[in-house]
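Work through the following exercises with the coordinates open beside the text, and try each task before reading its solution.

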Amino acid sequence: MRIGIVCYPTFGGSGVVATELGMALADNGHEVHFITYNQPVRLDFLSHKLHFHQVLIEEYPLFQYQPYELALSSKMVEVVKKYHLEVLHVHYAIPHAYAAFMAKQMLLEKGINVKVVTTLHGTDITLVGSHPTYKTAVEFSINHSDVVTAVSNNLKETTNELFHVNKEIRVIYNFIDIKKYEKAEDDDCNRIALAKPEERILTHISNFRKVKRIEDVIKVFYEVQKEIPSKLLLVGEGPERVKAENLTKKLKIKESVYFLGNSTEVTKILCYSDLFLLPSQTESFGLAALEAMAAKTPVISTNTGGLPEVNIHGKTGFLSNLEDVEDMAKNAISILKDDQTLARFKSNAYEHAKKFSIQNILPVYEEIYKSCYKSR
Ligand code: GMT
């Protein structure tokens with residue numbers, strides 16, 4: 001099929017999922033067209049099956065805010081017409097679902113019936129989408145999508161609680177390509193550069209926004225390193241980074257914490273890791289936790305949002321109440337304290353991650369696209 005994918009091209013989970021999905025669809029013989037303002041960070045190659053169309057914004061002094069939705073919907077119309085796309089799959093409702101609705105209307109006027117699939121990712125519903133500023137338009141665009149999917153049962157329930165949704169939301173879990181993690185382990189998993197052999201490595205990866213509670217990551221690590229020699233790797237960039245750095249200075253653990261910035265080499269970093277920390281205020285799914293598990297890294301997380309659907313308490317890691325740093329630290333120590341326990345959790349995490357393999361998820365999206373195509 002010929003599919004357009006609209007997403008944020010950044011390191012955020014929704015962009016990563018959209019990009020990995022697009023690449024897997026192209027591998028499976030579909031023609032995929034990414035439509036966004038930059039080449040997605042994980043899109044490392046283009047081919048005759050994998051295209052990228054940049055949405056350019058014309059700056060004009062009258063505009064205090066540049067009208068991205070207008071430029072995006074015009075680009076969608078152009079690409080659908082030129083490449084005869086059958087489906088537009090938009091990731092993250094704001095403003096992609098709204099722009100897709102506009103594109104669809106413009107195309108209908110020309111006798112072209114493109115179908116719109118909207119995937120809800122989390123903050124487009126929980127933190128941003130339900131805000132009165134956006135709520136009306138988000139609800140409208142969800143209700144006018146041909147198919148709506150959510151990345152966890154929890155996100156589906158939350159969407160139904162916060163909005164008047166008049167259609168069934170299908171839950172399709174996020175996924176990983178397990179082979180990439182196996183390859184990283186074979187290739188370059190050389191942890192010696194980061195920690196001494198007797199030290200454990202704890203990792204956190206995120207966009208360093210408030211919702212991630214980076215200070216809790218540092219506080220948990222602070223408790224752990226008192227009992228177990230260890231290092232903390234912090235991957236990502238964002239507004240909370242400076243606060244995090246200051247806290248490491250205050251707690252006098254600066255030398256044991258490495259801020260690695262944004263990275264496209266997440267699989268390599270994860271293969272060094274013994275434990276992943278995700279104490280978020282909420283996560284619709286927690287793709288970073290799943291990626292960690294695919295790299296045989298157990299997870300200490302909160303029990304908020306969709307996290308209990310990904311991290312299984314006592315098996316792949318542990319879940320704690322929000323802000324309960326003490327419990328998280330206690331659980332972390334219980335996993336890291338001896339090699340046997342750590343090996344058991346690592347193996348459980350990996351086995352559980354396999355259930356979210358792209359091989360299981362891709363056919364579900366393909367079936368949705370096909371049903372859209374048939375109903376044109
Ligand atoms: O976590 C973020 O702030 C980024 C955000 C995004 O839209 O890229 O992530 C959301 O979508 C991911 C992919 O579906 C989920 O794994 C994350 O849990 C979700 N983030 C939140 O719900 C806070």
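The exercises below treat two sheets, several of their strands, one lysine and a pair of helices.

The model is predicted, and local features are taken only where pLDDT is at least 70, side-chain atom pairs count only at pLDDT 80 or more, and totals for chains, interfaces and linings use all residues. Residues are numbered from 1 along each chain as its sequence is written, and side-chain values use heavy atoms, with hydrogens and water left out.

**Exercise 1. Determine the strand order of the sheet of seven strands, and find its edges.**

Step 1. Helices (H or I, at least four residues) and strands (E, at least two) are DSSP runs, numbered from the N terminus, and two strands pair if DSSP finds at least two bridges between them.

Step 2. Following the pairings gives an open sheet with the order β3-β2-β1-β4-β5-β6-β7, in which the pairing is parallel.

Step 3. The edge strands are β3 and β7 (169-171), each of which pairs on one side only.

Step 4. From one strand to the next the twist averages 25°, where axes are lines fitted to C-alpha atoms, for helices over the stretch in contact, and angles run from 0 to 180 degrees between N-to-C directions.

**Exercise 2. Place strand β2 (residues 31-36) among its partners, and decide whether it is enclosed or not.**

Step 1. On one side, five bridges join β2 to the parallel strand β1 (residues 2-6), and G4 has H33 of β2 as its bridge partner.

Step 2. Five bridges also join β2 to strand β3 (residues 50-54), again in parallel, with I35 bridged to H53 of β3.

Step 3. The connection comes next: β1, helix α1 (residues 13-27) and β2 make a right-handed β-α-β unit, right-handed meaning that, with the strands pointing away from the viewer, the path from the first strand over the helix to the second runs clockwise.

Step 4. Since five of the six residues of β2 are buried, the strand is largely enclosed by the rest of the structure; buried means under 20% relative accessible area, exposed over 50%, and partly exposed in between, with a 1.4 Å probe and protein chains only.

**Exercise 3. Describe the pairing and the side-chain directions of strand β6 (residues 147-150).**

Step 1. In a regular strand the side chains alternate between the two faces of the sheet.

Step 2. In β6, V147 and T149 point one way while V148 and A150 point the other way, and all are buried.

Step 3. Four bridges join β5 to β6 in parallel, T119 standing opposite T149, and the chain crosses from β5 to β6 through helix α4 (residues 135-143) in a right-handed crossover.

Step 4. Three bridges join β6 to β7, also in parallel; T149 has R170 as its bridge partner in β7, and A150 stands opposite V171.

Step 5. The unit made by β6, helix α5 (residues 153-162) and β7 is likewise a right-handed β-α-β unit.

**Exercise 4. Is K104 buried or exposed, and which residues does it contact?**

Step 1. K104 has its place in helix α3 (residues 93-108).

Step 2. Because its relative accessibility is 9%, K104 counts as buried.

Step 3. Leaving aside neighbours within four places in sequence, K104 is in contact (heavy atoms within 4.5 Å) with N113, V114, K115, V116 and D146.

**Exercise 5. Analyse the sheet of six strands, and then the helix α10 that packs on it.**

Step 1. This open sheet has the order β10-β9-β8-β11-β12-β13, with parallel pairing.

Step 2. β10 (257-261) and β13 (317-320) stand at the edges with a single partner strand each, so one side of each is left without a neighbour in the sheet.

Step 3. Helix α10 packs on the sheet and touches β8, β11 and β12 (299-302), its direction making about 175° with that of β11.

Step 4. The axes of α10 (residues 287-294) and helix α13 (residues 339-353) come within 7 Å and cross at roughly 115°.

Step 5. That contact is made by L290, M293 and A294 of α10 together with A349, Y350, H352 and A353 of α13.
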